[in-house]
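Student: I'd like a close look at one residue and its surroundings, and then at the empty spaces and nonpolar cores of the same protein. Could you walk me through them?

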Amino acid sequence: FPFPYTPYRIQEQFMEALYGALEAGRVGIFESPTGTGKSLSLICGALSWLRDWEERRRQEEARALALGGRDGLSPQRARPGGAPTAGQPDWVTAFVQSKEQRDMVDRLKEEQIRRKKREDRLEKIRHNVHLKYTAKRKRCEEDEAKRLLQLSKEALSQGAGEGALDQLDHNEEELILAEYESDDEKKVLSGLEEDDDDLEEEHVTKIYYCSRTHSQLSQFVHEVQKSPFGKDTRLVALGSRQNLCVNEEVRRLSALQLINDRCMEMQKNKHEKKSNEENEEKKRRVSRTVCPFYSYEQMQFLRDEVLVEVRDIEQLVSLGRETKACPYYGSRFAIPAAQLVVLPYQMLLHEPTRNAAGIKLKDQVVIIDEAHNLIDTITCIHSAEVSGSQLCCAHSQLSQYMERYRKRLKAKNLMYIKQILYLLEQFVAMLGGNVNQNPACQAVSQTGTVLKSINDFLFQSQTDNINLFKVQRYCEKSLISRKLFGFVERYGGPASAVKTNKENQKLAGLQNFLLTLQQGSDKEGDPPVEAEHDQLRTASPLMQIEGFLSALTNANQDGRVILNRQGTVGQSSLKFLLLNPAVHFAKVVEECRAVIIAGGTMQPVADFREQLLCCAGVDPARIVEFSCGHVIPPENILPIILCSGPSNQQLEFTYQTRDLPQMMDETGRILCNLCNVIPGGVVCFFPSYEYEKQVYGHWENSGLLSRLAAKKKIFQEPKKANQVEQVLVEYAKCIQRCSQTGGQMTGALLLSVVGGKMSEGINFSDDLGRCVIMVGMPYPNIRSPELQEKMTWLDKTMPRAAGQAPSKVLIENLCMKAVNQSIGRAIRHQKDFASVLLLDHRYARPAIFNKLPQWIRERTQVKSAFGSAFAELRKVRTRLPYV
């Protein structure tokens, strides 16, 4: 390529820096704009290092084994303490060292044997297709045997008759909570059989590659399949049950939490069924559903199939249906032997989810791609919010459940249920309400938002005497939310659907309460009764409350509880706000050999360094930063900071000045002039939906909108997510039609919002985005109580940077991160070109200017007058193939 920086040179620099960070065990912050093949370069560099690392380890093992352990390790390295124990006789020291060296050799031999078995097994599967047909035939025989056995059991049960158990309805036994003893808990890994030696397989050194969405991961896996590493890389793609479950009965539940609970309950039913087989003749039990896909043997076969060939999640689901094995647990079984594990970074960043999936980070490599919003993601994962309506609804449901099954529940179950009821009652009282009344009809006397520390909240709500850790563990182990949901599903529907027998009449309170909730919500501004009813049926409020209780177990200094009292108790809410995301990221960087935080636009990186890494205890010497240029030549982009408009009106869109008519008129004149010379698509970003609506209405009244519409068809970003795709399709069709037919109209103008649906993840490549305009600086709402608390916390805990308070730096960084994401929508590949206009003179200030991406900052021109900027745009049009 006739450019100073070719894509090959950039990739070479990128991979060299990545290799060095992995070799040295660093925490790297890598910035590589779209078009450099960032994701593929990340994984190719990491896999190259991994292969070299494995080869070096094998050579060291072979050398140690060849020496028979006599000289494989020095005495200091061989001993766990690092040096011989002082004061011991020489023969004792020599014996201990000799034993440790023999143990080391034995361990290396075991690892070699285990590795050889795994490689032989996978090689056999890779080349012997007959195994697949043998396994398939065996599955068919097992299915036929199970079907005949089920028919036999049904015939016997019909002959013997079915007796009621304690006068409960048929199949109602599954709603009873199992016996729970918190003082004698045993750690049982979900989905694991206890007698299988294969499950003790050691984790090989591997790479965990994380990205934001399921579609990004699928796209990445397809790139790996096409890469030189696609043939012989052991790759596993992880996902949620919602994406991987193949049991249609469970998939129909739709809500993720319900799917999780139902799956776990089916596993529990299987284990209970196995343990109760001996007592089956003594005491008949109502049959409970078990998952037909949860077969250990079939999941082991699926595990091997996954390791043999690179597959994305869709292909993994198809394989699970074909083999009749659960892809969710089958993929987990493949983690220890995998070289590359692909997963959403929410799964890796949340420790309980990470542990449940069997992910071990010790001495592994973690690559977090698309990490520009990593801090926000960690904060959101560990924050929780519950409304007053949810609290009251959960209290009513749980009370009715306890009353119905009081005689069947063990003492520990009753104790924990009463504790949860007390917590719900006190939380509603903190909002100024009463759990025994309809929350939609209870007015709040003192409205407003109050922030409290965790300890203050627990003291004032009089719940500090309850062990939240035990309550949280009980909710998790007992699956109480799932039992409660099944109870409400059966008895909490409309009154017309409920039988009028003696037992169901006891549940009239619950039914009436749910109906009053629906009637109370049918007011102006609230969802209709059907929508509210569907919401009640698709998720139990207790699920959200469990998340809130878990959040309250954070350290007092790391979070705040926000009491938002609005109008009625039902509209009010309790929210936990995590202030210190580093506390949940610390374990990741401590355990991993290396962590790479990568993204197309990572500037400004001060947040990652200070708030995430330094607060997590990472040594500054371990942190390395790398930023490479774009693949486009310098002349393919024209960034301009415009300080004034056509009528010499200074452009400063502060809260005080942006609503002035002259500012909105000046913005309209700038767009009119630009649309006259720039063909194709123009994307204009506003700070908020409200301001975009206000400017649009002003242009409509002043006639500027009709002038704009003469050159560009105008589109507005919708607020509803399901309408975004339709608007983008119409926008693209309009641009294509105008480029083919010609005429007075030259394309389309899309009015978008910073932080909206089109500011991230959308590619305005080629004619879809020949110019991106940023109106003003999208500073966050500084009056937000949450933001104010975050600023206060930063000022107390973080040092001043370059004479600036940490709170001020936070505001600027949040603004510029949003700007950088938005203006990066235009240049999407090597031959793309576009103009970028920043409409505000404040962008020229050094503190702000230096937070632009390097590849944009190096080419940015500051224009104090509109005339010179307009001349540059016209010059660019003659130099580049705009038409």
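Tutor: Happy to! Let's begin with Ser478, which touches Leu177 and Lys483 when residues up to four places away in sequence are left out. Please keep in mind that this is a predicted model. Ser478 belongs to helix H19, which covers residues 468–478. Is this serine buried or exposed? Ser478 counts as buried because its relative accessibility is 5%, and the cut-off for buried is under 20%. Its side chain has a polar partner too: the backbone oxygen of Tyr474, reached at 2.6 Å.

Now for the empty spaces. Rolling a probe the size of a water molecule over the atoms shows where empty space is left. Searching the whole structure turns up five cavities of 30 Å³ or more. The largest cavity has a volume of about 130 Å³. It is lined by 14 residues, and those closest to its centre are Cys245, Cys263, Cys291, Cys326 and Tyr329. Two or more lining residues come from each of helix H9 (256–275) and helix H12 (327–333), with H9 giving the largest share, three residues. As for chemistry, the lining of the largest cavity divides into eleven nonpolar residues, two polar and one charged.

The second largest cavity has a volume of about 50 Å³. Around this cavity you will find Leu238, Gly239, Tyr328, Ser331, Arg332, Met347 and Ala357. Here H12 supplies the largest share of the lining, three residues. By class, the lining of the second largest cavity holds four nonpolar, two polar and one charged residues.

Finally, let's turn to the nonpolar cores. In soluble globular proteins, nonpolar side chains tend to be buried together. The largest nonpolar core in this model has 69 residues, and the ones that touch the most other members are Ile43, Ile207, Leu340, Ile596, Ile823, Leu838 and Tyr843. Leu838 is a good place to zoom in: leaving out residues up to four places away in sequence, Leu838 touches Ile640, Ile641, Leu642, Met774, Val819, Ile823, Tyr843 and Leu852. Two of these partners, Ile823 and Tyr843, are themselves listed with Leu838 among the core members that touch the most others. There is also a second, separate core, made of 66 residues, including Tyr294, Leu302, Val605 and Leu612.

Terms used:
Residues numbered from 1 in each chain as written. Predicted model: local features only at pLDDT ≥ 70, side-chain atom pairs only at ≥ 80, totals over all residues. Heavy atoms only, no water. Helix = DSSP H or I, 4+ residues; strand = E, 2+ residues; numbered from the N terminus. Buried < 20%, exposed > 50% of the residue type's maximum accessible area, 1.4 Å probe, protein only. Polar contact = N/O pair within 3.5 Å; in protein donor to acceptor, adjacent residues only side chain to side chain. Contact = heavy atoms within 4.5 Å. 1 Å grid on protein atoms, 1.4 Å probe; cavity = no way out; pocket = protein on both sides within 12 Å on 5 of 7 lines; lining within 4 Å. Points joined across faces, edges and corners; volume = space filled by probe spheres on them. Nonpolar A, V, L, I, M, F, W, Y, C, P; charged D, E, K, R; others polar. Core = buried A, V, L, I, M, F, W, Y, C linked by side-chain atoms within 4.5 Å.
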